[in-house]
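Subject: Structure handover

Hello,

Here is the structure I said I would pass on. Please open it next to this message, as the notes below refer to residues by chain and number.

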Amino acid sequence: MSNEDRQLLKFNGLAQAYGADLFRYAMWICGNEALSKDLVQETYLRAWKAVDSLKDEKAAKSWLITILRREYARTFERKVPKFTDVETVVVPEDSELEPDDRAEVQLLRQGIMKLAPKYREPLLLQVVLGYSCQEIAAELDISKSAVMTQLFRAREQLKERLQKDGVTGNVHGLY
Amino acid sequence: MSMDFTEFKRRIGAEPRSGDPELIAARDLSPEHRETVIKAEAFEQKLERAVDLPAPSDLLERITSVTSMEGNKRRNWWPVAMAASVLVAVGAAGMGWKMSQGWESVEAYVVDHYRHDGDKVVAMALEGGPADVHAMLARFDLDATPELANIVSLIKYCPTPEGKGIHMILDTQNGPLTVIYMPDTHVTDREMLAFDQMEALLIDLESGSAAIIGADSQRIEDYYAVIHDSIVPLPDPS
C-alpha cells in the first residue's frame, strides 16, 4: 500500500470517527445546519491537506476541533450567525423518554442556546466531545480552575432555567 | 483531609463523571453527598440527550468529497477507496459532477450546473423553510438587501469555477428562479444564454458574478436589477 493510500485510509477513519461529533459541536456553536455542514467540510478539507502532519492519531480529535474553532472564528469574525436550526430539532416521539422528559430536553436545548459563549463552549467540549477539564483548558487556553468554574455555572444556569420553566414536579425534585 | 461539601458540590457540578479518586472517595461521606451525585447523574443524562442532535445523512459524503477537491494530486484514491470502504465510494459518487469541473468558461459552468441539480434544488425550495441569507453571504464578505433577502426561499453553497459559491432559489411573481453567485469570476454583463428551454442571464457584480436562471417564459430579465443592486459588500463593523 502506498503512502497516499494509507493517508486516504487514515482520513476516512477520521471522517467516520469524528464527523458526527464535529457536526454536533458546530451546530451548537453556530446553530445553523447548512453552516455547520460547511464548517465541518472546511475542517476536513484543511485536515486532508495536512493529514501527513498528524503523527499521533490519539490527538486527532483535538486537532480537528482546533481546526474547526479557528475556521469558525475566521469565517464569522465579522458576523455571527443567528441560531435558527437547533430550535427546530424535535426530540423524536418514539424516543424512550416520557412526554414531560421530552419537554425538559427541549427546555435544556433552549437554555444551552442562551448560555453565554464562555459557558456554552466548555460545556459542549465536555458533553459533546468528552473532553476532560484539563483538555478544555488546553483548547481554550485558560486555566483548569476557570474551566471548572465555567462548567459549574453553566450547569447551574441550566438547572435554574428548568426550575423556572419546568413542566413537571419532578424537575424541582431533581436539583 | 476530606473535601468539604461546598467544594464537593462545585466539583461534581463541573465534572459529574470525573474519575478523580479524591472525588470518588468523597461520594460516600454522607447521605447528602450521595444524593448530590444521584441528582447530578440524572441531570447529566438529560443534558446528553439535549445536545445529541442528529447528523445529516449526507455528512460523510460531504466530508470524504474533500479528497477530490482542490485539484487533488492524489490520483490513485478511487480504486483504493473502493476496496477500503463503501463510505468513500458513496463520497465519490456524489462528487461525480464536481470532479468533472474544469469548465471552459463561466457560461459552460452555468449550463452544466443547472443541468446537474437545478430542477432538484427548485423542488427543494418549494418545500419551504427559513433561508439564512445573511449568514451564508457573510462568508464572502457580502450581504443582501431586503429586496433580495425577503424573496430567497432556499440557499446553499455550491462549487463554482473559482471555488465555493452560492445557489439560491428566489420566490418571485414569475415563479421560482435560480440564482448562482460565483465569487472571483467576471462575465459579460447582461449576456443571455439559452439551453434546454431555459434561459440564464449573466450579471457582472462588483465582487464576482451571478447568473439568474429560469424557463424562457419567466422573464428573468425583470430580476436583473434585484440581483445587481442587492448583493452588496458587508458593512464594515467599525
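What follows goes through the two chains in turn, with some detail on selected parts.

Please keep in mind that this is a predicted model.

Chain A

The secondary structure of chain A consists of 8 helices and 0 strands. Read from the N terminus, the order of elements is therefore α-α-α-α-α-α-α-α, with helices and strands taken as DSSP runs. Chain A has 175 residues, of which 38% are buried. Taking the contacts in chain A between residues at least 6 apart in sequence, 64% join residues at least 24 apart.

One helix to look at is α5(A), which spans residues 117-127. It is mostly covered, with 8 of its 11 residues buried. The buried ones are A:Tyr119, A:Glu121, A:Pro122, A:Leu123, A:Leu124, A:Leu125, A:Gln126 and A:Val127. What lies over them? The cover includes α1 (3-30), α6 (133-140) and α7 (144-165) of chain A, and also α3 (31-51) of chain B.

Two of those covering helices also pack against each other. The axes of α6(A) and α7(A) are 8 Å apart, and the angle between the helices is about 105 degrees. That makes the two helices α6(A) and α7(A) roughly perpendicular. On the α6(A) side the contact is made by A:Cys133, A:Gln134, A:Ile136 and A:Ala137, and on the α7(A) side by A:Lys144, A:Val147 and A:Met148. By type, the residues of this contact are 5 nonpolar, 1 polar and 1 charged.

The nonpolar core

In soluble globular proteins, nonpolar side chains tend to be buried together. Here the largest nonpolar core has 94 residues. Which members touch the most others? They are A:Tyr25 and A:Ala26 from chain A, and B:Val51, B:Val179, B:Ala210, B:Ala211 and B:Ile212 from chain B. The element that gives the most to this core is α1(A), with 13 residues. As for B:Val179, leaving out residues up to four places away in sequence, it touches B:Met168, B:Leu170, B:Ala210, B:Ile212 and B:Ile227.

Chain B

Chain B has both kinds of element, with 11 helices and 8 strands. It has 238 residues, and 35% of them count as buried. Of the contacts in chain B with a separation of 6 or more, 52% are between residues 24 or more positions apart.

In chain B, 6 strands form an open sheet with antiparallel pairing, in the order β2-β3-β4-β7-β6-β5. Its edge strands are β2 and β5, each of which pairs on one side only. From one strand to the next, the twist averages 20 degrees.

Starting from the β2 edge, β2(B) (residues 152-160) and β3(B) (residues 163-172) run antiparallel and are joined by 8 bridges. They form a hairpin with 2 residues between them. Within this pair, B:Leu154 stands opposite B:Ile169, and B:Cys158 has B:Gly165 as its bridge partner.

Further along the sheet, β4(B) and β7(B) are antiparallel and are joined by 5 bridges. In this pairing B:Ile180 stands opposite B:Ala211. Is β7(B) enclosed or open? Strand β7(B), residues 209-215, is largely enclosed by the rest of the structure, because 6 of its 7 residues are buried.

On its other pairing, β7(B) meets β6(B) (residues 198-204) in the antiparallel sense over 7 bridges. B:Asp204 and B:Ser209 are bridge partners here. These two strands, β6(B) and β7(B), form a hairpin with 4 residues between them, and B:Gly208 in the turn has a positive phi of about 80 degrees.

Two residues with positive phi

Most residues other than glycine have a negative phi. Two residues in the loop between β4 and β5 of chain B depart from this and may be worth a look on screen. B:Asp184 has a positive phi of about 55 degrees and is not a glycine. With 13 C-beta neighbours inside 10 Å, B:Asp184 counts as partly exposed. B:Arg190, also not a glycine, has a positive phi near 70 degrees. B:Arg190 has 12 C-beta neighbours inside 10 Å and so counts as exposed.

Regards

Key:
Residues numbered from 1 in each chain as written. Chains lettered and ligands numbered in written order. Buried ≥ 20, exposed ≤ 12 C-beta atoms within 10 Å, placed from the backbone. Contact = placed C-beta atoms within 7 Å. Axes fitted to C-alpha atoms, helices over the stretch in contact; angles between N-to-C directions. Parallel < 35°, antiparallel > 145°, perpendicular 65-115°, else oblique. Nonpolar A, V, L, I, M, F, W, Y, C, P; charged D, E, K, R; others polar. Core = buried A, V, L, I, M, F, W, Y, C linked by C-beta atoms within 7 Å. Pairing = 2+ DSSP bridges.
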